[in-house]
Amino acid sequence: MKLLTVNFLTCAVKACKTSAASFPLHFQDAELEQRELEYNPTFLQNILPRLEWDAILTVAAELGFTNLPASKPEGQPETEEEQQVMRSVHTLLLETEVTEGKMVCGNCGHEYKIKEGIANFLLPNHLGKVSLSDS
């Protein structure tokens with residue numbers, strides 16, 4: 001599971017839908033793998049506006065990646081330093097994968113297991129069931 005994916009996931013438990021603590025999901029016992037990909041600056045330029053940068057920073061710090069800037073990169077990288085930042089973002093979001101572990105909701109504590117790079121978002125019946133009065 002690429003780290004980019006985490007920026008688009010939130011807890012599936014109905015009670016967490018309105019809680020800010022349910023995003024981002026937090027990794028625990030994560031086993032990481034790096035898979036080198038061709039650097040694609042166009043893709044990064046297009047995806048950056050869609051990212052919740054604070055969530056990216058939170059997840060990155062939890063996994064030991066501390067070389068990202070506090071503010072989201074914007075525009076075309078012009079200096080060598082800006083290009084290096086974009087390469088770091090590329091490495092984190094696209095080349096880093098979580099192969100095993102779990103993601104945990106900061107609101108309810110529900111754990112989503114990750115096995116062979118695939119997160120299981122199926123909820124047990126008692127958490128996923130919607131009563132007629134809720135709809």
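In the predicted model, E97 counts as buried, because its relative accessibility is 11% and the threshold for burial is under 20%. E97 is located in strand β2. When residues up to four places away in sequence are left out, E97 touches M1, K2, E31, L32, E33 and R35. With one of these residues, K2, the side chain of E97 makes a polar contact of 3.2 Å.

Charged side chains were examined next. A search of the whole structure finds six salt bridges. In one of them, R35 is paired with E97, and the closest N and O atoms are 3.8 Å apart. R35 lies in the loop between β1 and α2 (41-47), whereas E97 lies in strand β2, so this salt bridge ties together parts that are 62 residues apart in sequence. Salt bridges with shared partners join K2, E33, R35 and E97 into one network. Within this network, R35 also forms a salt bridge with E33, for which the closest N and O atoms are 2.6 Å apart. The accessibility of R35 is 42%, and R35 is therefore classed as partly exposed. E33 is likewise classed as partly exposed, because its relative accessibility is 31%. E97, by contrast, is buried, with a relative accessible area of 11%.

A further salt bridge is formed by the side chains of D29 and K102, with an N to O distance of 3.7 Å. This pair links distant parts of the chain: D29 belongs to strand β1 (residues 26-34) and K102 to strand β2 (residues 96-104), and the two residues are 73 residues apart. The two partners fall into separate accessibility classes. D29 has a relative accessible area of 60% and is therefore exposed, since the class of exposed residues begins over 50%. K102 has a relative accessible area of 15% and is therefore buried.

A charged group is also found beside an aromatic ring. R87 lies over the face of Y39, at 4.0 Å from the ring centre.

Aromatic rings were then considered as pairs. A pair of aromatic rings is described by the distance of the centres and the angle of the planes. The structure holds one aromatic pair. Its members are Y112 and F121, whose ring centres are 4.5 Å apart and whose planes are at an angle of 25°. This arrangement counts as stacked, because the angle of 25° falls under the limit of 30 degrees. Y112 has a relative accessibility of 0% and so counts as buried. F121 is partly exposed, with a relative accessible area of 25%.

Y112 also appears among the contacts of N120. Apart from its neighbours within four places in sequence, N120 is in contact with Y112 and K113. N120 is placed in the loop between β4 (118-119) and α5 (125-128). The relative accessible area of N120 is 41%, so N120 is partly exposed. The side chain of N120 reaches the backbone nitrogen of L122 at a distance of 2.9 Å. N120 and T99 are separated by 21 residues in sequence and by 12 Å in space, C-alpha to C-alpha.

Cysteine residues were examined last. A disulfide is a covalent bond between the sulfur atoms of two cysteines. The structure holds zero disulfides. For C16, which is in no disulfide, the nearest cysteine sulfur is that of C108, at 3.6 Å. This separation of 3.6 Å does not meet the criterion for a disulfide, because the two sulfur atoms would have to lie within 2.5 Å. C105 is also in no disulfide, and the nearest cysteine sulfur, that of C11, is 3.7 Å away. Both C16 and C105 are placed in the buried class: C16 has a relative accessibility of 1%, and C105 has a relative accessibility of 3%.

Definitions and conventions. Residues numbered from 1 in each chain as written. Predicted model: local features only at pLDDT ≥ 70, side-chain atom pairs only at ≥ 80, totals over all residues. Heavy atoms only, no water. Helix = DSSP H or I, 4+ residues; strand = E, 2+ residues; numbered from the N terminus. Buried < 20%, exposed > 50% of the residue type's maximum accessible area, 1.4 Å probe, protein only. Contact = heavy atoms within 4.5 Å. Polar contact = N/O pair within 3.5 Å; in protein donor to acceptor, adjacent residues only side chain to side chain. Salt bridge = Lys/Arg side-chain N within 4 Å of Asp/Glu carboxyl O. Phe/Tyr/Trp six-rings, centres within 6.5 Å; stacked < 30°, edge-to-face > 60°. Lys NZ or Arg CZ within 6 Å of the ring centre and 35° of its normal.
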